[in-house]
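New to this one? Have a look at the chain below and get your bearings before reading on.

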Amino acid sequence: MQRELRLPPLVERIYSNVTCFTVKCLHFPHLSPHYSQLVRTSLRPNYPVPPILPAGRTLIRSVSSVLRGLNIDIMVADVPPGPPPWMLPTPDVSFTPTSKSELPSLQQQLALEHIETVTSSITDPYCLYTDGSLQVDGAAGCAVFSPDLESPPGGWVGRRLCNHSSSTLCELYAILDAVSVVCQRGVNAAIFCDSKPALHSLSSVQPTHSTVIQQILSFLALLRHRNLTVKFLWVPSHVGLRHNGTVDRLAKEACHLPPRGTGRPLSLTCYLSKVRSAALLPVRRRRDAERPFSISITHYESVCHHKYSYRRRGLMVRRHNVVSARLRLGYRPPWQVAGMQGEPPFTECRLCRAPRANTIEHYCLACPTVRHLLPQGLPLDVVCRHLLNHQVLEELLVRHPRFGGFK
């Protein structure tokens with residue numbers, strides 16, 4: 001079946017893998033700065049390939065041709081991938097010892113005391129307040145505000161997020177913007193947030209919004225590498241904290257800002273999916289052309305569309321499952337797939353000893369030992385479906401344990 005399907009040869013698979021690696025390098029240039037720069041230079045129209053070895057020029061031309069044919073513009077990632085999971089830092093998160101059931105004045109007093117305690121443990125701390133907002137009409141936004149840091153050009157303005165984003169995602173984007181500002185300024189900071197779910201998700205084993213959290217942890221790893229301290233504090237909302245009210249207003253105003261850019265850029269997964277689809281396109285076209293004349297392709301696709309659950313109890317479970325899998329996959333022995341010359345001595349049928357007959361096609365259509373147990377005059381895929389649907393395979397294996405090629 002593999003020969004009939006004509007799987008891509010080794011050269012095509014190598015070019016496909018190299019193109020996928022090139023996409024990763026273009027998306028994350030730090031993986032291979034020189035190679036990514038060469039490819040980006042070659043993607044420019046009417047630009048000659050730099051003077052490198054002939055094999056390298058051929059590779060660059062081939063990869064650039066594939067990328068130009070796909071008509072995709074691979075953007076550089078905003079945040080490079082961080083260190084491996086075992087090197088990611090654990091965020092320093094603390095919560096104000098209060099609850100919403102207490103009086104607002106008491107919550108405010110406890111919050112101020114907690115802020116004083118935490119900031120006094122940081123050398124020259126800068127305070128940043130974050131907040132996210134989700135409106136009734138689905139508009140979403142987030143904002144960051146700092147009374148200590150110099151405001152960016154244009155002032156402290158939030159950013160618009162995708163409509164109908166969850167409130168936790170809005171808060172996480174605000175935290176991401178805050179750690180990004182801290183990383184750019186290179187200062188120690190205390191980041192205040194009024195969302196407990198967002199702060200809990202920073203240290204969750206299986207967070208809901210893993211992409212944003214991964215970017216936050218990558219920034220924290222970079223800050224730790226620079227010997228900078230960042231601590232997160234939960235403070236109650238709407239209890240009279242001045243700067244917390246300011247960032248809340250900025251987040252609500254950000255919900256009415258125009259969206260940034262013309263649309264969300266494609267992710268790395270989308271880029272790689274396009275490359276793999278283009279690499280397998282010739283194979284799919286050949287398969288479509290051969291489908292009407294290929295027994296293996298028709299059998300493989302028809303059986304794959306039928307969902308069958310293997311037995312999990314009984315004495316015949318292993319034999320039953322293996323033969324079922326062979327029926328579903330159109331099993332052929334390895335020497336037939338590899339195209340070996342000659343016939344191994346064990347290719348005879350296990351039931352009738354017919355030479356060169358140790359195949360599913362022979363067992364289902366031509367073997368005289370089990371012919372009376374199987375429907376006659378039907379194609380191979382129909383017989384296979386009959387065995388899988390009507391549970392006659394178990395009875396057949398009890399009578400003839402060597403059915404399907406077992407020794």
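What follows is a short tour of the fold, from the overall numbers to the sheet, its helices and a few cysteines.

First things first: this is a predicted model. The chain has 16 helices and 6 strands. Of its 407 residues, 43% are buried. About 23,200 Å² of the chain is exposed, and carbon and sulfur atoms supply 56% of that area. As for how the chain meets itself, take the contacts with a separation of 6 or more: 66% of them link residues 24 or more positions apart.

Now for the sheet. How are the strands ordered in it? Reading across, the order is 1-6-5-2-3-4, in an open sheet of 6 strands with mixed pairing. Strand 1 (92-95) and strand 4 (159-161) are at the edges; each has a single partner strand, so one side of each has no neighbour in the sheet. From one strand to the next, the twist averages 25°.

Zoom in on one of those edges. Strand 4 pairs with strand 3 (residues 140-145) in the antiparallel sense, over 3 bridges. If you want a spot to click on, try Ala-140, whose bridge partner in strand 4 is Leu-161.

Helices come into the picture here too. Helix 6 (residues 167-185) packs on the sheet and touches strand 2, strand 3, strand 4, strand 5 and strand 6. The direction of helix 6 makes about 150° with that of strand 2. Then there is helix 5 (residues 104-119), which lies across strand 1, strand 2 (126-134), strand 5 (189-193) and strand 6 (230-234). Helix 5 runs at about 170° to strand 6.

One last stop: the cysteines. How many disulfides does the structure hold? The count is 0. Two cysteines help show why, given that a disulfide needs two cysteine sulfur atoms within 2.5 Å. Here they are, each with its closest cysteine sulfur:

| Cysteine | Closest cysteine sulfur | Sulfur distance | Relative accessible area |
|---|---|---|---|
| Cys-170 | in Cys-142 | 7.0 Å | 0% |
| Cys-352 | in Cys-349 | 3.6 Å | 26% |

The sulfur of Cys-170 is too far from that of Cys-142 for a bond, and Cys-170 itself is buried. Cys-352 is partly exposed. At 3.6 Å, the sulfur of Cys-352 is also too far from the one in Cys-349, so there is no bond there either.

Technical notes
Residues numbered from 1 in each chain as written. Predicted model: local features only at pLDDT ≥ 70, side-chain atom pairs only at ≥ 80, totals over all residues. Heavy atoms only, no water. Helix = DSSP H or I, 4+ residues; strand = E, 2+ residues; numbered from the N terminus. Buried < 20%, exposed > 50% of the residue type's maximum accessible area, 1.4 Å probe, protein only. Contact = heavy atoms within 4.5 Å. Areas by Shrake-Rupley, 256 points an atom, 1.4 Å probe, with all protein chains shown as cover. Pairing = 2+ DSSP bridges. Axes fitted to C-alpha atoms, helices over the stretch in contact; angles between N-to-C directions.
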